[in-house]
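Here is a short briefing to read alongside the sequence and the 3D view. Keep both open, and pick out the residues as they come up.

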Amino acid sequence: MKKIFVALLAAGALGGLAQAQRITIDFWHSMGGVLGEATEALVKDFNASQNRVTVRSQFVGSYDDGLNKLRAALQAGGQGRPNVIQVYDIGARFMADSGAVLPLEDLARANNFDLSQFVSQPRSYYTVDGKLFGLAFNSSNPILYFNAQALEQAGIPYRNTWSLADLEAAARKLTIKDASGKTTRFGLSIPIDSWFMEQFSYNSGQFFCNNENGRRARATEVTFNNPAAVAFLDTWARLVREGVAANTGRSWADSQALFAQGNAAIAIYSTASLTGVLRQVGNRFPLRTAFYPYLNERNGTAIGGAAVYLIRGFSDEQNAASWAFIRYLLQPETQAKWIIGTGYFPVVKGVTELPSVRQAYVRQPNYTTALRQLETSKVNTASAGCLMGGFTEIRQIVQSAIEEALRGKPAQQALDEAKQRADQVLARYNASVRQ
């Protein structure tokens, strides 16, 4: 690392740029809708907060779209790549293997920046082979959403924690059918997404890939056909067949519309969906949230969401400007604006003690659910989440297996067959990187 870069960082990231020409950096993100509004607001605030760095933000589509666009830029020799990019959780192994990232742990150490101020779980998730490559920006976990009025009318007491059996029993009781047997209100709605299978495995103490979720050594095979995942998919498929659970396909928006209109009494989404769901529900019914379900004993969910990475190949001045922007995103005051505007939980310590956050949590206690779930989760290699290459393609394979099970294929068979295909993807990925 060149002396000028260290000097810029040591000067507080922006101090060393005081006499320099204004620097422009590019930031790619995958936040749309309500989350996109909150992201663009942070970029605007940063640009207005100083006169030395301009961030040009660009929405690059879904998380998959963003990662594919970065791959294309790297394959083209780096032309058109961004200075800073937001990459989702399952891209962590690829980002570390790519050689395209300036590890943020190195930048932090060069600037005597104390990484202990970050919440341990998000920091641990993005630590690969002992080094922190990206800094968590928008961290989430899955939670249950309840129509509290429907719960009360059905005589079902609210609770924080739910086993899979508890959830099934409640969903059955909350389902309403007309005289012809057609469902008029579903007890449960879950979008088809591998993430919910992954998280159920972790929360039940199971691994989604071998070598303890790829945390003890590089993952070489998937284990998503574990007993917890099979039980979850079997229950889900059975409830869909019986008209207890809705099948809205892979569309989160369709599932959320169903729930918000009162046509599903329980739903499973990310905590990041909370602000949007609250807006959709409006005054139709009171909303309650709870911890994600588990099979037999609650272990803990893994970090979802994404991290920000600093891409190699730019000047020292641009790198320093990028580091200044990343630091701004992770300041407690910035994080406070972010979590109030979205539903994500803070990734730095002390944010929840800020007056604005405390007031927001009093006004809307549902925002505390994900944070309390994180704080009460066991910290182990199961709740650390699976770290493996090829995860983007593997997630698509799992989602196809879910669809097959919902159409009638036995859950164990669907996941066993999917494992064979996924193991081939993982083997190809591992062969493509230098061990």
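What follows covers the nonpolar core first and the salt bridges after that. Please bear in mind that this is a predicted model. Its largest nonpolar core has 143 residues, and the structure also holds 23 salt bridges.

**The nonpolar core**

- M95, L135 and Y309 are the residues with the most contacts inside the largest nonpolar core.
- Helix α11, which spans residues 227-241, supplies the largest share of this core, with nine residues.
- Y309 is a good place to start looking: leaving aside residues up to four places away in sequence, Y309 touches N83, V84, I85, V87, A92, M95, V101, Y126, F133 and G134.
- One of those partners, M95, is itself among the residues with the most contacts in the core.

**Salt bridges between distant parts of the chain**

- R279 pairs with E37 in a salt bridge whose closest N and O atoms are 3.9 Å apart.
- Because R279 sits in helix α13 (residues 274-281) and E37 in helix α2 (residues 33-49), this pair ties together parts that are 242 residues apart in sequence.
- R279 has a relative accessibility of 52%, so it counts as exposed, the cut-off for that being over 50%.
- E221 and K419 form another salt bridge through their side chains, at 2.8 Å from N to O.
- This second pair also links distant parts of the chain, 198 residues apart: E221 is in the loop between α10 (210-214) and α11, while K419 is in helix α19 (residues 411-432).
- E221 is partly exposed, with a relative accessible area of 33%, whereas K419 counts as buried at 17% relative accessibility, since buried means under 20%.

**A salt bridge within helix α11, and its network**

- Helix α11, met above as a contributor to the core, also holds both D234 and R238, which lie four residues apart, about one turn of the helix.
- The side chains of D234 and R238 meet in a salt bridge of 3.0 Å, N to O.
- D234 is partly exposed, with a relative accessible area of 35%.
- R238 counts as partly exposed too, at 21% relative accessibility.
- Which residues join D234 and R238 in a network of salt bridges? The network links E168, R172 and E242 with D234 and R238.

**A general reminder**

- Side chains of opposite charge can pair when their charged atoms come close.

How values were computed
Residues are numbered from 1 along each chain as its sequence is written. This is a predicted model: local features need pLDDT of at least 70, side-chain atom pairs count only at pLDDT 80 or more; totals for chains, interfaces and linings use all residues. Side-chain values use heavy atoms; hydrogens and water are left out. A nonpolar core is a set of buried Ala, Val, Leu, Ile, Met, Phe, Trp, Tyr and Cys residues joined through side-chain atoms within 4.5 Å. Buried means under 20% relative accessible area, exposed over 50%, partly exposed in between (1.4 Å probe, protein chains only). Helices (H or I, at least four residues) and strands (E, at least two) are DSSP runs, numbered from the N terminus. Contact means heavy atoms within 4.5 Å. A salt bridge is a side-chain nitrogen of Lys or Arg within 4 Å of a carboxyl oxygen of Asp or Glu.
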